[in-house]
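Good morning. Please take a look at the model on the screen before I start. I will begin with the cysteines and then move to the chain as a whole.

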Amino acid sequence: MARCYAVVNQKGGVAKTTSVINLGAVAALEGKSVLIVDADPQGNATSGLGVSRDEIEYCLYDLICKPDGEAYPAVDEVICPTSTTGLDVLPATIDLAGAQMALANAISREMRLRRVLEPVRSAYDIILIDTAPSLGVLTINALAVADHVLIPMQCEYYAMEGLSQLLQIISMVQAEINPALMIKGALLTMYDARTNLAEEVAEEVRENFPGRTFRAKIPRNVRLAEAPSHGLPAVIYDKHCPGSAAYRRLYWEVFEDA
Ligand code: ATP
Ligand code: MG
């Protein structure tokens with residue numbers, strides 16, 4: 001039965017997608033069977049894993065919000081393999097941008113993703129959900145199905161902005177729809193050891209997440225930013241770069257007992 005992790009932060013550009021892709025790839029290289037769910041209409045996890053728009057017949061949108069009367073595809077018709085053995089993706093396209101509107105008045109709209117993933121949970125060891133920079137219905141769906149939340153925090157000014165709102169949403173989901181949800185930890189990303197600011201922000205994050213800030217810090221590393229344009233996880237594109245090494249260390253902290 002897969003353990004399911006939602007990677008969430010409504011701040012944009014904090015390395016949610018980079019972390020999902022590389023953690024997923026390290027897990028697959030370690031022999032785990034991994035599904036990455038792209039719950040962001042930007043589709044960055046999908047394209048970053050080398051799955052292009054013209055290969056995609058159905059996307060997550062078709063699984064969670066078909067108009068009345070139309071048949072839903074089966075989830076395994078939507079899941080695509082990637083070039084990494086053991087790593088599959090449930091893709092997103094821009095269609096997914098219509099989900100908020102399509103689900104506005106839908107019954108149990110927060111539970112759609114949970115229902116979609118039910119039949120495949122036993123086929124994977126780890127499911128990682130990449131979310132959009134928003135606390136909208138798709139992110140709530142991710143929190144409703146997840147066992148654990150990972151919160152990437154960019155080591156820059158304003159890192160804490162919006163954090164209390166995020167924690168409030170997580171508490172609400174725990175109270176109302178998913179009591180099993182736990183915050184696994186905060187992840188320091190784009191850490192630049194040469195600046196005092198990075199360490200100041202790291203300290204502030206540790207104060208907010210005592211004992212739950214991962215020791216592995218992801219350094220600012222251009223190889224991590226280049227890899228998606230080659231449709232590959234950085235840990236495969238350049239396995240020796242410092243960013244890849246950091247994601248391998250993070251893997252053991254996050255999934256040590258998976
Ligand atoms: P969004 O909120 O838009 O979905 P995100 O939180 O998923 O963004 P990413 O797309 O993973 O963030 O990263 C934002 C940008 O920063 C990307 O261009 C990515 O390649 C780059 N990036 C991520 N992590 C690092 C890093 N450690 N070093 C250098 N660049 C990075
Ligand atoms: Mg992203």
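Take Cys 4 and look for the closest cysteine sulfur: that one belongs to Cys 59, and at 18 Å the two sulfurs are too far apart for a bond. A disulfide would need them within 2.5 Å. Bear in mind that this is a predicted model.

Is Cys 4 buried or exposed? Cys 4 is buried, and its relative accessible area is 0%.

Now Cys 155. The closest cysteine sulfur sits in Cys 241, 17 Å from the sulfur of Cys 155, which is again too far for a bond. Cys 155 also counts as buried, at 3% relative accessibility. In total, the structure holds 0 disulfides.

On to the whole chain. How many helices and strands does the protein chain have? The protein chain has 12 helices and 7 strands. Its radius of gyration is 17 Å, and the globule rule gives 18 Å for 258 residues; the two values are close, so the chain is as compact as a globular protein of that length. Along the principal axes, the C-alpha trace spans about 60 × 40 × 30 Å.

Of the 258 residues, 56% are buried. Among contacts with a separation of 6 or more, 78% are between residues 24 or more positions apart.

Last, the surface and the charges. The protein chain exposes about 11500 Å², and carbon and sulfur atoms supply 50% of that area. The chain carries 22 positive and 32 negative charges, and the mean positions of these two sets are 5 Å apart.

That is my part; questions, please.

Definitions and conventions
Residues are numbered from 1 along each chain as its sequence is written. Chains are lettered from A and ligands numbered from 1 in the order in which they are written. This is a predicted model: local features need pLDDT of at least 70, side-chain atom pairs count only at pLDDT 80 or more; totals for chains, interfaces and linings use all residues. Side-chain values use heavy atoms; hydrogens and water are left out. Helices (H or I, at least four residues) and strands (E, at least two) are DSSP runs, numbered from the N terminus. The radius of gyration is taken over C-alpha atoms; the globule rule is 2.2 Å times the number of residues to the power 0.38. Buried means under 20% relative accessible area, exposed over 50%, partly exposed in between (1.4 Å probe, protein chains only). Contact means heavy atoms within 4.5 Å. Accessible areas come from the Shrake-Rupley method with a 1.4 Å probe; for residues, only the protein chains shown count as cover. Lys and Arg count as positive and Asp and Glu as negative; His and the chain ends are not counted. The place of a charge is taken as NZ of Lys, CZ of Arg, CG of Asp or CD of Glu.
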